[in-house]
Amino acid sequence: MSTTFRDPMRVLVIVASTRPGRLGTAIADWFVRVTKADAEHGGIAVDVAHLAELDLPLLDEPEHPSEGAYVHEHTRRWSQRVAAADAFVMITPEYNYGMPGSLKNALDFLYHEWAWKPVAFVSYGNTSAGTRSVQMTKQVVTTLRMMPIGATVALRIADSTSDGQVVESMQIEETARGVLAELTRVADAMHPLRADAESVGGPIDGLTVDLARPGDLAEVLVLQRCCWVEEALANDTLDLAPLHETLDELRESSKQWRLWCVRRHGRLIAAVRARAHGATWMIGRLMVAPDYVGKGIGSWLLEYAEQMAPAEATQFALFTGQRSERNIGLYERAGYALTSAESMPPHSVYLTKQRALVG
Ligand SMILES: Cc1cc2nc3c(=O)[nH]c(=O)nc-3n(C[C@H](O)[C@H](O)[C@H](O)COP(=O)(O)O)c2cc1C
């Protein structure tokens, strides 16, 4: 219950070459170094996997990887590493106009772990700067439901390296930073497609619920303002905190609350937040995009937030506008009753519901 946000985004940099004396290590070090400040600033955790160190044999799992029934420890370790990632950067050379066999083998070992995540390439080689290797790899990664992004770094060894190191160049460094930026944007957009974005039944199909990431807050703020316009009309006042909250204030308050985002096909369509206050599970800012109102999403999300309460919580509580009849009706149908509270935001009423004892 300690986390208020989802885990930081994790980028796995995969060094494909296993050749003793490989250039790949220096290229990976360079990529990590020139993107480090951006990664730190964006709260992105970068892990580097050297296929040479993983020591995967040629595929030796008896079952198809889509079964996930791995019998070997080396596969389980690789599986955990890839599953933990939100996006990949493949540092790959070109061998005989194609990808190194080590990369194809490492890809073949797994299945679901790769799916619905973006992949970027940092390629290198002689005449074609490794681009033919990338083209071949794209065919494989798309089969695994990865999404190759457009931004790419392609290094011609003779032009871009010297003494086994990438030469200093503002232009290539900018390109590398652009790769990380695009990769993480696409990773965020693809996240709702993933099985680990909790796909919960809900009243309509295609809904996912996930704890917010800091990067979600601007979108939440837009939805919040949009939803509270109706509250302003219903209560005949603009004196409602959710209408005026700034992004910085939302960022600050989100450290105290757990905030869940509901998406449908990637679009934020609803949100709710909650936090413990003694034995009370305070629920707030329940919002549903206007074009999704009336489909049962509010009641369902309220129930979802209740289910997230810690074991110690004995009651649920929330505030709503005193003239927000539709909201009050929704809460009363969910078992809430109007109650008095010591301190109330202006123009609001307080509702509580005892938690049903389980077992
Ligand atoms: C088996 C092999 C095949 C290669 N084939 C190509 C090729 O088709 N195109 C190319 O541009 N470079 C080719 N090269 C040159 C590599 O791009 C270059 O040696 C690079 O440093 C290999 O990456 P690594 O040092 O990380 O293993 C080949 C190198 C090897 C070892």
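**Hairpins, helices and ring pairs in a predicted model**

In the hairpin formed by strand 12 and strand 13, 2 residues lie between the strands, and Gly278 there takes a positive phi near 60°. The model described here is a predicted one, and this turn is a convenient place to start reading it. Strand 12 is joined to strand 13 (residues 280-288) by 7 bridges, and the two run antiparallel. Within this pairing, Ala271 stands opposite Met287 of strand 13.

Strand 12 (residues 267-277) also has a partner on the other side of the sequence: strand 11 (residues 258-264) runs antiparallel to strand 12, with 7 bridges joining them. Here Trp260 stands opposite Val272 in strand 12. Strand 11 and strand 12 likewise form a hairpin with 2 residues between them, and in the turn His265 has a positive phi of about 50°. A helpful point for following such strands by eye is that, in a regular strand, the side chains alternate between the two faces of the sheet.

Stepping back, the protein as a whole contains 12 helices and 16 strands. Its C-alpha atoms fill a box of roughly 75 × 45 × 35 Å along the principal axes. Of its 359 residues, 51% count as buried. Among contacts with a separation of 6 or more, 73% are accounted for by residues 24 or more positions apart.

An unreviewed UniProt entry places the feature "domain: N-acetyltransferase" at residues 207-356. In the model, this span is 33% helix and 33% strand, and its end C-alpha atoms lie 26 Å apart. Helix 8 covers residues 217-235. This helix has 19 residues and reaches 26 Å from its first C-alpha to its last, close to the 27 Å expected at 1.5 Å a residue. Which residues of helix 8 are buried? They are Leu217, Val220, Leu221, Leu223, Gln224, Cys227, Trp228, Glu231, Ala232 and Asn235. When looking at such a list, it helps to recall that an α-helix has 3.6 residues a turn, so residues three or four places apart point the same way. Just after helix 8 comes Asp236, with a positive phi of about 55°.

Aromatic rings offer another way into the structure, which holds 6 aromatic pairs. One of them is the edge-to-face pair of Trp78 and Trp114, with 5.9 Å from centre to centre and 75° between the planes. This pair links distant parts of the chain, as Trp78 belongs to helix 3 (residues 73-83) while Trp114 lies in the loop between helix 4 (101-108) and strand 4 (117-125), 36 residues apart. Trp78 is buried, because its relative accessible area of 1% falls under the 20% cut-off. Trp114 is buried as well, with a relative accessible area of 1%. The ring pair of Trp300 and Tyr304 is tilted, because the planes stand at 45°; the ring centres are 6.5 Å apart. Both residues lie in helix 11 (residues 297-307), 4 residues apart, which is about one turn of the helix. Trp300 and Tyr304 are both buried. Ring pairs also link Trp78, Phe88 and Trp114 into a cluster.

Rings meet charges too. The charged end of Arg132 sits over the ring of Tyr97, at 3.6 Å from the ring centre. Arg273 lies over the face of Trp257, 4.0 Å from the centre of the ring.

Two single residues complete the picture. Val153 is placed in strand 6 (residues 153-156). Is Val153 buried or exposed? With 1% relative accessibility, Val153 counts as buried. Leaving aside neighbours within four places in sequence, Val153 is in contact with Trp30, Phe121, Val122, Ser123, Ile172, Thr175, Ala176 and Val179. For Thr175, which is 22 residues away along the chain, the C-alpha separation from Val153 is 6.5 Å. Thr184 is found in helix 7 (residues 170-190). Its relative accessible area is 13%, so Thr184 is buried. Beyond neighbours within four places in sequence, Thr184 is in contact with Met9, Val11 and Ile44.

Definitions and conventions:
Residues are numbered from 1 along each chain as its sequence is written. This is a predicted model: local features need pLDDT of at least 70, side-chain atom pairs count only at pLDDT 80 or more; totals for chains, interfaces and linings use all residues. Side-chain values use heavy atoms; hydrogens and water are left out. Buried means under 20% relative accessible area, exposed over 50%, partly exposed in between (1.4 Å probe, protein chains only). Contact means heavy atoms within 4.5 Å. UniProt positions are given in the numbering used here, feature names are shortened, and annotations may be inferred rather than shown by experiment. The expected span of a helix is 1.5 Å times one less than its number of residues. Rings of Phe, Tyr and Trp (its six-membered ring) pair if their centres lie within 6.5 Å; planes under 30 degrees apart count as stacked, over 60 as edge-to-face and the rest as tilted. A charge sits over a ring if NZ of Lys or CZ of Arg is within 6 Å of the ring centre and within 35 degrees of the ring normal. Two strands pair if DSSP finds at least two bridges between them.
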